[in-house]
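Open the structure in your viewer and keep the selection tool ready. Each stop below says what to select and what is there.

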Amino acid sequence: MRTAYSVETVRAAEQRLMERLPEGALMQRAAAGLAVACAQLLGRVYGGRVVLLVGSGDNGGDALYAGARLARRGAAVTAVLLAPDRTHAGGLAALLRAGGRTVAPDAAEEPVLHADLVLDGIVGIGGRGGLRPDAARLTTLAGDSRGVVVAVDLPSGVEADTGEVRGAAVRADLTVTFGTHKPGLLIDPAREYAGSVRLVDIGLGAELPVEPELEALQHADVAALLPVPGAESDKYRRGVVGIAAGSGRYPGAAVLAVAGALRGGAGAVRYVGPAADAVIARFPEALVSDRGPAKAGRVQAWVVGPGAGDDAATVAEVVTADVPVLIDADGLRLADPEAVRARTAPTLMTPHAGEAAALLGVPRAEVEAARLTSVRELARRYGATVLLKGSTTLVADSGGGAVRVNPTGTGWLATAGSGDVLSGLAGSLLAAGLPAFDAGSVGAYLHGLAGRLAADGAPVGAHDVADAVRTAWRDVRDAGRV
């Protein structure tokens with residue numbers, strides 16, 4: 001599992017570690033790892049042209065010490081100093097001793113544009129509120145450079161704790177981060193600026209708390225959570241999920257939600273709604289009912305809302321059920337907030353950014369710019385687990401704690417009906433007994449992986465994603481056995 005910690009936590013951990021190390025040792029560890037990563041990108045260090053964009057803090061010191069190491073190996077290293085009177089003195093002295101040179105920002109255009117590698121050390125993890133004009137100009141030059149761009153710890157201009165980007169920011173090909181990931185490296189929009197991310201171990205692990213700010217599951221973590229039937233399993237032990245979805249206008253939503261539930265491992269699916277004929281035609285194993293959710297029969301969880309139109313009565317009936325409930329799509333609009341907050345069984349809400357904005361009463365752009373803040377606020381406000389869909393899907397629990405970010409998403413999942421598949425899939429995991437936080441996290445992981453497998457770089461439909469869930473499940477299971 002990859003974990004990320006807040007700036008405050010990282011700084012406190014660094015301080016405790018530095019108290020036990022010789023002065024400057026921690027920065028040297030970071031610079032050594034950074035220099036190795038840069039050397040690997042350059043391939044042939046000797047004769048390579050490297051430009052350092054150096055701000056006034058320790059981030060600039062990391063860049064200078066790494067530049068000194070590259071200069072000693074024969075690279076031509078130029079440091080652009082944004083604040084000459086506040087440049088890290090030890091790092092600058094090391095660079096000059098190694099044969100590096102410095103230039104002012106107004107003389108940076110030629111060396112940056114012709115560099116083989118540009119190292120961004122303008123602003124560190126404490127940066128807030130966008131870049132100043134000189135720094136913003138350098139980010140533009142870095143983007144126009146023919147060389148690769150490497151960010152030190154975090155791309156300058158992105159906010160470490162929230163993933164927000166307020167104005168100009170460096171777009172890196174690689175970010176070399178130290179000690180632990182920072183939330184902004186895993187959450188959009190900042191994640192798009194980080195490029196590939198490499199974590200350098202500087203010995204910080206023992207100083208970090210057990211619970212991170214953010215966590216991203218990997219194959220082995222998901223494999224450990226997958227509900228696998230045993231010898232004594234029957235359809236009820238595996239989990240029966242009820243699907244209350246679809247309408248005369250949107251029968252396909254019901255079909256796709258049922259597909260997600262069946263591919264997700266449900267022992268059985270009970271379908272309630274006006275799309276029964278379409279569901280049975282595609283999935284004869286589904287159990288259909290026209291008597292409403294309360295009389296549909298035994299279920300271990302409900303999914304309500306996909307394609308429901310204006311059927312507020314069905315949504316209200318499901319929300320009062322004493323089993324776990326997943327609320328999606330139209331259900332999010334129709335559900336009474338007070339009724340959701342009054343529920344005692346687990347609730348999983350799965351909005352996209354537009355739906356989240358409506359629930360919060362803010363513009364969609366505000367949610368997209370501050371995804372971490374938004375998902376936490378929704379979970380708190382509704383007393384529910386919230387899965388915020390999007391370029392980086394986030395899952396937050398109502399009780400606080402670490403937020404999970406899904407690492408398997410792909411732009412190919414931005415297709416009609418994909419969210420319906422996810423609803424059924426996560427609903428089947430709820431019915432199998434997973435807590436809402438795990439059901440949402442595992443569902444998002446398998447859904448994203450299925451999207452990648454189905455698309456393989458080409459256009460894909462929601463039915464393709466549903467069909468690929470089985471392969472995603474098998475791949476995760478097999479990885480967990482290694």
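In which sense do strand 13 and strand 14 pair, and over how many bridges? Strand 13 and strand 14 (residues 325-327) pair in the parallel sense, over 3 bridges. Two strands count as paired if DSSP finds at least two bridges between them. Helices (H or I, at least four residues) and strands (E, at least two) are DSSP runs, numbered from the N terminus.

Before moving on, note that this is a predicted model: local features need pLDDT of at least 70, side-chain atom pairs count only at pLDDT 80 or more, and totals for chains, interfaces and linings use all residues. Residues are numbered from 1 along each chain as its sequence is written, and side-chain values use heavy atoms, with hydrogens and water left out.

**Stop 1: strand 13 and its partners**

Select residues 301-304, which are strand 13. Ala301 and Val303 point one way, Trp302 and Val304 point the other way, and all are buried. Buried means under 20% relative accessible area, exposed means over 50%, and partly exposed is in between (1.4 Å probe, protein chains only). In a regular strand the side chains alternate between the two faces of the sheet.

Now add Val325 in strand 14, which stands opposite Trp302. Then add strand 10 (residues 240-244), which runs parallel to strand 13 and is joined to it by 4 bridges. Ile243 stands opposite Val303 in strand 13.

**Stop 2: a sheet of seven strands**

Select strands 2 to 8 next. They form an open sheet of 7 strands in the order 4-3-2-5-6-7-8, with parallel pairing. Which strands stand at the edges? They are strand 4 (101-103) and strand 8 (196-200); each has a single partner strand, so one side of each is left without a neighbour in the sheet. On average, neighbouring strands of this sheet are turned by 25° against each other, direction ignored.

Zoom in on strand 4 and on strand 3 (residues 76-81), which run parallel and are joined by 3 bridges. Arg101 in strand 4 is the bridge partner of Thr78. Then show helix 4 (residues 89-97), which lies across strand 2 (49-54), strand 3 and strand 4, and runs at about 120° to strand 4. Such angles run from 0 to 180 degrees between N-to-C directions, and axes are lines fitted to C-alpha atoms, for helices over the stretch in contact. Contact means heavy atoms within 4.5 Å.

**Stop 3: two buried residues**

Select Gly67, in helix 3. Gly67 is buried, with a relative accessible area of 0%. Leaving aside neighbours within four places in sequence, Gly67 is in contact with Leu52, Val77 and Leu95. From Gly67 to Val77 the distance is 6.4 Å, C-alpha to C-alpha, and they are 10 residues apart in sequence.

Go on to Glu207, in the loop between strand 8 and strand 9 (214-216). Is Glu207 buried or exposed? At 12% relative accessibility, Glu207 counts as buried. Outside its neighbours within four places in sequence, Glu207 is in contact with Ala13, Arg16, Leu17 and Arg20.

**Stop 4: pockets and a cavity**

On a 1 Å grid over the protein atoms alone, a cavity is a set of points where a 1.4 Å probe fits but cannot get out, and a pocket is an open set with protein on both sides within 12 Å along at least five of seven lines; lining residues have an atom within 4 Å of a point. Grid points are joined across faces, edges and corners, and a volume is the space filled by probe spheres set on the points.

The largest pocket holds about 1,000 Å³ of space. Select Gly57, Asp58, Asn59, Gly60 and Gly124, the closest to its centre of the 43 residues that line this pocket. Helix 1 (7-18), helix 2 (25-42), helix 3 (58-72) and helix 6 (133-144) each supply at least two residues of the lining.

The second largest pocket holds about 760 Å³. Of its 34 lining residues, His352, Lys389, Leu413, Ala414 and Gly419 are the closest to its centre. Helix 18 gives the most to this lining, with 4 residues.

Finish with the largest cavity, which has a volume of about 50 Å³. Select Leu217, Val395, Arg404, Val405, Asn406, Pro407, Ser441 and Tyr445, which line the largest cavity.
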